[in-house]
Amino acid sequence: MIKQERLRNGIALGVAIFILFVLFAAGMTISHLMHGLQRQVEYADSAVRAQYIGESGLNQLLARLQAKPWEERWFAKSPDAASDINYSGGSYDYFISDSPNHPMHVDIWIKSNYRNTKRFFFWRVKFQSSMLSGLAQGIPVKIAELDSSDFPPPGTTDFYPMTSQIENQLETQKSNRGPADDITQSLRDTNDLHQAMSKLGGPADGVFVAGPFVSGIGTAAVSLITPPPPPPPSTGGLAIPPALPLTISVPSAEAEFVSAPLRIISQIDDGADISGHGWDLVDVINNNGHVMMPFQWPMIHHFHDHGFADFIGKIMGGFGFDDHDHDDHDDHDDYSGHYDRDGHSGH
Amino acid sequence: MKAPAIRELRRAFTLVELLIGLAILGMLFATGFKAWQLFSGQQAENLSKRLILQMEARKAFLNLSKQLQEGIEIVSPRPGTTIPYLVFKDYLNNVRMVYLEEDPVRTRSEKRPIYRALMVIRDSTSGITGQPSLLMEHVVKLNFTSHSTSGILVTCTLHGGSGDFGLINFIRLQNSATEDEPN
């Protein structure tokens, strides 16, 4: 009898150990499976948060800069820098100075930190002189992300090596503009990959995909899936590409109005300018250096009735402008297309 | 006096106890077998292939996104069109093209068209177009849709393991104001 009792105890222990082992294996399996995924999510999350912290830093600096007239900016005499500014669970360091040799341009360098992720951004922001300083808007004319290890240690006030690097890039960009425009003008005229490849001087052999993929069907020879909106904004002297086969035709009298999306910030030859960014804020029109008189305001009602672009088109047409757009709904994306004040610029 | 105690020791499990025990053991065995199958067999290979491919694809996508974000202008597709290749001017005004080329080996093994995404860069200073560099493999579909010259929608389907997965991203060019604004 005693033997039987001992045997039973042995089985119970074995079963218990086996169950524990299986449970442990299952736990390890799930943990292993989740670990890789968790690391990916954490990495992506940190990268995005670091970016937002950097962009928030930029917005804080721009807000401070725009709070006073340009002449009273706090870094006018010497650059300003600060480190470890806590923000949203992370921190950022910044360096701000006037752009060398570029009046009314600001260089902003920000390194953001979130947990172990560090990101280093550069913005060159151009400011327009404005009758009302509060309406002056900064337009980023150069944005770059650099290696975070390149950010100088705290206390450094000389960013010249990095600024010269940016200057070199801009110089190269400027000198390359002509050749790039030449080749891209011909590339714009085709949606055929083989032709584009030939014009670009790329490899001629190989099996390329020439038509867009259509869901569930494979490739299709259709190259145009929707009628195109008005042509893109001018990129500096480039001719507007010819109309596409399925382009919505517009009466020739109005064709001028769709030549390019409206850009309100435009220099006038005599130095005066029309400034405005938020469409709802444009309530003052600098009329060739003179403030628009009250009797002229009915034109604003015309804007409400017939579209802002039409209204501005008529005004600017009087000044010899050619930047008009018939479609005011898309205009809002003009500069905000380049720069979102919230800093969340499409990524 | 000892007889009742001996009888108690000899009493076996009831049928219900046995059934419950067997059910628990069966579930544990099934779980263990599935886990073992997952991490040692074909499924493990497929899963790890897929995870690695997803990570690599994401890296490649981020790389492309970064280059595009620093770019100046989308050249092709024209606004309102969708095509399977992309031409853009990068931050130095070099012209870059991303396109798909069939991968003959994978097409044969998968018995369906599988592509590689490649990029060529034309140096605007020298006018020389370099050799294509590999951006992504295992591509099933890749479309670029443009609504303006300053942004591009990228939709991509990749084949990994035993299935396909898709990536979609709208990339906005941050330096598109650079050339418009005289410095």
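## Exercises on a two-chain model

B:L167 in β8(B) is the bridge partner of B:C156. This is a predicted model, in which local features need pLDDT of at least 70 and side-chain atom pairs count only at pLDDT 80 or more, while totals for chains, interfaces and linings use all residues. Residues are numbered from 1 along each chain as its sequence is written, chains are lettered from A and ligands numbered from 1 in the order in which they are written, and side-chain values use heavy atoms, with hydrogens and water left out.

### Exercise 1: a hairpin in chain B

Work out how β7(B) and β8(B) are joined, then place B:L153 in that setting.

Step 1. Start with the pairing: β7(B) and β8(B) run antiparallel and share ten bridges. Strands here are DSSP runs of E with at least two residues, helices are runs of H or I with at least four, and both are numbered from the N terminus. Two strands count as paired if DSSP finds at least two bridges between them.

Step 2. Now the turn. Two residues separate the strands of this hairpin, and B:G161 in the turn has a positive phi of about 65 degrees.

Step 3. Drop in B:L153, which belongs to β7 (residues 151–160) of chain B. Its contacts, leaving out residues up to four places away in sequence, are B:N143, B:F144, B:T145, B:I168, B:N169 and B:F170. A contact means heavy atoms within 4.5 Å. B:N143 sits ten residues from B:L153 in sequence, with 8.1 Å between their C-alpha atoms.

Step 4. Is B:L153 buried, partly exposed or exposed? B:L153 counts as partly exposed because its relative accessibility is 25%; the cut-offs are under 20% relative accessible area for buried and over 50% for exposed, with partly exposed in between (1.4 Å probe, protein chains only).

### Exercise 2: the five-stranded sheet of chain A

Trace the sheet strand by strand, then find the helix that packs on it.

Step 1. Get the order. The open sheet in chain A has five strands, β1-β2-β3-β4-β5, with antiparallel pairing. At the edges are β1 (80–87) and β5 (138–146) of chain A, each pairing on one side only. On average, neighbouring strands are turned by 20 degrees against each other, direction ignored.

Step 2. Walk across the pairs:

- β1(A) and β2(A) pair over six bridges in the antiparallel sense, and A:A82 has A:Y94 as its partner in β2(A).
- β2(A) and β3(A) are antiparallel and joined by eight bridges; A:D93 is partnered by A:K111 in β3(A).
- β4 (residues 117–127) of chain A runs antiparallel to β5(A), with eight bridges, and A:R124 faces A:K142 in β5(A).

Step 3. Add the packing helix. α2 (residues 160–188) of chain A lies on the sheet and touches β3 (105–114), β4 and β5 of chain A, its direction making about 110 degrees with that of β5(A). For such angles, axes are lines fitted to C-alpha atoms, for helices over the stretch in contact, and values run from 0 to 180 degrees between N-to-C directions.

Step 4. Check the turns. The β1(A)–β2(A) hairpin has two residues between its strands, with A:S88 at a positive phi near 50 degrees. The β2(A)–β3(A) hairpin has six between its strands, and there A:N101 takes a positive phi near 70 degrees.

Step 5. How many of the nine residues of β2 (residues 90–98) of chain A are buried? Eight are, leaving β2(A) mostly covered.

### Exercise 3: a glycine that touches both chains

Locate A:G202 and list its contacts.

Step 1. A:G202 is in the loop between α3 (193–200) and β6 (213–214) of chain A.

Step 2. Setting aside residues up to four places away in sequence, A:G202 touches A:M197 and B:T129.

Step 3. With a relative accessible area of 18%, A:G202 counts as buried.

### Exercise 4: chain totals

Put the two chains side by side.

| Property | Chain A | Chain B |
|---|---|---|
| Elements | seven helices, eleven strands | four helices, eight strands |
| Buried residues | 42% of 347 | 48% of 183 |
| Among contacts with a separation of 6 or more, those between residues 24 or more positions apart | 50% | 43% |
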